[in-house]
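Reader: I'm new to looking at protein structures, and I'd like to go slowly through one part. Could you pick up from a single residue and walk me outwards from there?

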Amino acid sequence: MSTVGNSTNIFWQECPVGRAERQKLLNQKGCVLWITGLSGSGKSTLACTVGRELHSKGKLSYILDGDNLRHGLNRDLGFKAEDRTENIRRVGEVAKLFADAGLICIASLISPYRKDRDACRAMLPDANFIEVFMNMPLQLCEERDAKGLYKLARAGKIKGFTGIDDPYEPPLNCEIEIQQKDGVCPSPNDMAGDVVTYLEEKGFLQY
Ligand SMILES: Nc1ncnc2c1ncn2[C@@H]1O[C@H](COP(=O)(O)OS(=O)(=O)O)[C@@H](OP(=O)(O)O)[C@H]1O
Ligand SMILES: Nc1ncnc2c1ncn2[C@@H]1O[C@H](COP(=O)(O)OP(=O)(O)O)[C@@H](O)[C@H]1O
């Protein structure tokens, strides 16, 4: 008998097919690519480009995008600090399940608070959590303003917008950092190439 969270009298059910067998079937190793950065820094673009590149290599991945999950699983959450924390916790748990299923799970969320990202890292064996920091200047993200949200935030029509009047805490020890070179952002293909090369070198794309 065990006590976990708010539930009592619950037991862990072992399943007949394990992670290793699934990974062997897929000829890859499950992991979580956690893409963090400001709104407009290119998280979704990188996630989609990596997903496409992995697919073309015959590797199974799945994208958990913050914006998309807020239409369903996380539709009850807003943007105050405790809601963001719960958002990241839930996505971390789902990402862990996908990694256990043997997939390369690509989570792309602002995930602005270091402690929340570190809590997700702690859910997985360390090497299986690959933190990717989109280190783009606020000025670039704001110039892009693909959704017009920075403009609204500057006008005070959105309160608590990350980078404007809500904090973003950059990673201290991320596995991959994407940044501008000579003031120019690398192309989506170049960014994705760095990530896929990392996965190849660490042995995730074979069993
Ligand atoms: N207040 C505030 N702050 C930041 N972002 C906001 C806010 N309100 C709405 N949005 C839109 O929500 C998207 C971020 O959702 P996330 O789930 O990734 O956010 S978080 O990780 O919980 O901070 C984010 O999407 P991206 O631009 O793709 O990052 C925004 O479009
Ligand atoms: N490497 C890049 N080079 C040029 N433009 C980019 C790049 N990555 C993203 N963008 C553009 O920046 C905007 C924001 O990108 P997006 O992926 O939606 O960011 P996020 O998911 O972090 O909000 C989009 O218009 C996208 O086309």
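Reader: Let's take Ser111: does Ser111 count as buried or exposed, and why?

Author: Happy to. Keep in mind that this is a predicted model. Ser111 counts as buried, because its relative accessibility is 2% and the cut-off for buried is under 20%. You'll find Ser111 in the loop between β5 and α5 (114-123). Its backbone has a quirk too: phi of Ser111 is positive, near 40°, and Ser111 is a residue other than glycine.

Now look at what sits beside that loop residue. Ser111 is among the residues that come nearest to ligand 1, along with Ser39, Arg70, Asn87 and Lys147; in total there are 20 residues around ligand 1. Some of the atom pairs here can be picked out one by one. The side chain of Lys147 has an N or O atom 2.8 Å from an oxygen atom of ligand 1. Lys43 also has a polar side-chain atom 2.8 Å from an oxygen atom of ligand 1. Gly160 joins in with its backbone instead: a polar backbone atom there is 2.9 Å from a nitrogen atom of the ligand. Taken alone, ligand 1 exposes 630 Å², and the protein buries 92% of that.

Asn87 was on that list of nearest residues, so let's stop there for a moment. Asn87 belongs to helix α4 (residues 81-100). With a relative accessibility of 5%, Asn87 counts as buried. Its side chain makes a polar contact with the side chain of Asn74, at 2.7 Å. Setting aside neighbours within four places in sequence, Asn87 is in contact with Asn74, Leu77, Leu109 and Arg70. You've met Arg70 already, as one of the residues that come nearest to ligand 1.

Lys43 is worth a second look, since it leads us on to the other ligand. Besides its pair with ligand 1, Lys43 is among the residues that come nearest to ligand 2, together with Gly40, Ser44, Thr45 and Pro186. Ligand 2 has 15 residues around it. Here several backbone atoms come into play. Gly42 has a backbone N or O atom 3.0 Å from an oxygen atom of ligand 2. For Ser41, a backbone N or O atom lies 3.2 Å from an oxygen atom of the ligand, and for Leu38 that kind of pair is at 3.5 Å. On its own ligand 2 exposes 560 Å², of which the protein buries 72%.

From here, move along the chain to helix α8. Helix α8 covers residues 188-201, which makes 14 residues; at 1.5 Å a residue they should span 20 Å, and the end C-alpha atoms are indeed 20 Å apart. The buried residues of α8 are Met191, Ala192, Val195, Val196, Tyr198 and Leu199. They cover an arc of only 150° around the axis, which puts them on the same side of α8. Turn the helix to the face away from that buried side and you meet the exposed residues Asn189 and Glu201.

So what lies over the buried side? The cover includes α2 (43-56) and the strands β3 (31-36), β5 (104-108), β6 (129-135) and β7 (176-179). Just after the helix comes Gly203, with a positive phi near 85°.

One of those covering strands, β6, holds Phe129. Phe129 counts as buried, with a relative accessibility of 0%. Leaving out neighbours within four places in sequence, its contacts are Val32, Trp34, Arg117, Cys120, Arg121, Leu124 and Glu175.

The last stop is Lys57, in the loop between α2 and β4 (61-65). Lys57 is partly exposed, with a relative accessible area of 37%. Its side chain makes a polar contact at 3.2 Å with the side chain of Glu200. Not counting residues up to four places away in sequence, Lys57 also touches Val196 and Leu205, and Val196 is one of the buried residues of α8. Compare Lys57 with Ala192: 135 residues separate them along the chain, while their C-alpha atoms are 13 Å apart.

Technical notes: Residues are numbered from 1 along each chain as its sequence is written. Chains are lettered from A and ligands numbered from 1 in the order in which they are written. This is a predicted model: local features need pLDDT of at least 70, side-chain atom pairs count only at pLDDT 80 or more; totals for chains, interfaces and linings use all residues. Side-chain values use heavy atoms; hydrogens and water are left out. Helices (H or I, at least four residues) and strands (E, at least two) are DSSP runs, numbered from the N terminus. The expected span of a helix is 1.5 Å times one less than its number of residues. Buried means under 20% relative accessible area, exposed over 50%, partly exposed in between (1.4 Å probe, protein chains only). The arc is that of the directions from the helix axis to the C-beta atoms. Contact means heavy atoms within 4.5 Å. A residue is near a molecule or strand if one of its heavy atoms lies within 4 Å of it. A polar contact is a pair of N or O atoms within 3.5 Å; within protein, one must be able to donate a hydrogen and the other to accept it, and residues adjacent in sequence count only if both atoms are side-chain atoms. Accessible areas come from the Shrake-Rupley method with a 1.4 Å probe; for residues, only the protein chains shown count as cover.
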